[in-house]
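Hi everyone, and thanks for making time this morning. I'd like to walk you through a structure that may be new to most of you, so please have a look at it while I talk.

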Amino acid sequence: MTIPPSEDAQRGNVRHPEWIGGDLDVHQTTLSHHYRVLREAGVTWTTVQGRTRLVRLRRDDLDALFPGLLDSVLNGVGRTRAATGS
C-alpha cells in the first residue's frame with residue numbers, strides 16, 4: 001500500500017526527493033533548488049546516504065513555531081484531492 005504524500009508528511013516520514021517531485025512537471029534542477037531553500041530555511045532535514053539524499057519534514061519544529069499551520073495546509077491538500085478526485 002502506498003501512503004499518500006500528504007498523509008506521509010503528517011507522519012514526518014523520510015522521502016526520496018525524486019519520489020516526492022516525481023509527479024511534478026519541473027526540471028530536477030528546479031526541485032534541487034527548492035529542496036535547498038527549504039533545508040536552509042529549517043523546514044526540512046536532509047540526510048545523505050551514499051549518492052541518495054533523503055528529505056524529512058521538521059514537523060515538531062514547524063508546529064512549535066507555527067501551531068496549526070501545517071495541519072491546515074495538509075488538510076487543505078486532502079480536501080482539494082477529494083474534490084478533484086486526484
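I'll begin with the overall layout, then go through the charged pairs, and finish with one helix and a patch on the surface.

One thing to keep in mind from the start: this is a predicted model.

So, what does the secondary structure of the protein chain come to? There are five helices and three strands. If you read along the sequence, the order is α-β-α-α-β-β-α-α. The protein chain has 86 residues, and 21% of them count as buried.

Let's stop first at helix 3, which covers residues 28-40. Helix 3 is made of 13 residues, and from its first C-alpha to its last it reaches 18 Å, close to the 18 Å expected at 1.5 Å a residue. After helix 3 comes glycine 42, and its phi is positive, near 85°.

Within helix 3, please find arginine 36. Is arginine 36 buried or exposed? It sits in between: with a relative accessible area of 38%, arginine 36 is partly exposed. You can also look from arginine 36 across to threonine 46, which is ten residues away along the chain; their C-alpha atoms are separated by 9.0 Å.

Now to the charged pairs. How many salt bridges does the count come to? The answer is four, and I'll take you through some of them.

Arginine 36 comes up again here, because it forms a salt bridge with glutamate 40, and these two are four residues apart in helix 3, separated by about one helical turn. The closest N and O atoms of that pair are 3.6 Å apart. Here is a general point that helps: an α-helix has 3.6 residues a turn, so residues three or four places apart point the same way. As for the surroundings, glutamate 40 counts as exposed, at 59% relative accessibility, while arginine 36 is partly exposed.

The next pair is arginine 58 with aspartate 61, a salt bridge whose closest N and O atoms are 2.7 Å apart. Both partners are partly exposed: arginine 58 has a relative accessible area of 22%, and aspartate 61 has one of 31%.

Then we come to arginine 59, and I'd ask you to spend a moment on this residue. Arginine 59 lies in helix 4. Is arginine 59 buried or exposed? At 14% relative accessibility it counts as buried, because the cut-off for buried is under 20%.

Which residue partners arginine 59 in a salt bridge with closest N and O atoms 2.3 Å apart? That partner is aspartate 71. Arginine 59 belongs to helix 4 (residues 59-65) and aspartate 71 to helix 5 (residues 69-84), so this pair ties together parts that are twelve residues apart in sequence. Aspartate 71 counts as partly exposed, at 32% relative accessibility.

There is a further side chain to add to this picture. Arginine 59 and aspartate 63 are joined through their side chains by a polar contact of 2.8 Å. Taken together, Arg59, Asp63 and Asp71 are linked in a network of salt bridges.

That brings us over to helix 5. It has 16 residues and reaches 23 Å from its first C-alpha to its last, close to the 22 Å expected at 1.5 Å a residue. Which residues of helix 5 are buried? They are Leu70, Leu74 and Gly76. Seen down the axis of helix 5, the buried residues fall within an arc of 155°, so they line one face of the helix. If you turn to the other side of helix 5, you will find Arg79, Ala82 and Ala83, which are exposed. Helix 5 is followed by glycine 85, whose phi is positive, near 75°.

My last stop is on the surface. Leu65, Phe66, Leu69 and Val73 form a nonpolar patch there, and together they have about 410 Å² of accessible area. Where is phenylalanine 66 found? Look in the loop between helix 4 and helix 5. At 45% relative accessibility, phenylalanine 66 counts as partly exposed.

To close, if you take one picture away, let it be the network of salt bridges linking Arg59, Asp63 and Asp71. Thanks for listening, and I'm happy to take questions.

Definitions and conventions. Residues numbered from 1 in each chain as written. Predicted model: local features only at pLDDT ≥ 70, side-chain atom pairs only at ≥ 80, totals over all residues. Heavy atoms only, no water. Buried < 20%, exposed > 50% of the residue type's maximum accessible area, 1.4 Å probe, protein only. Salt bridge = Lys/Arg side-chain N within 4 Å of Asp/Glu carboxyl O. Expected span 1.5 Å × (residues − 1). Arc of directions from axis to C-beta. Patch = residues over 30% accessible without salt bridge, like charges linked within 9 Å, V, L, I, M, F, W, Y side chains within 5 Å. Areas by Shrake-Rupley, 256 points an atom, 1.4 Å probe, with all protein chains shown as cover. Polar contact = N/O pair within 3.5 Å; in protein donor to acceptor, adjacent residues only side chain to side chain.
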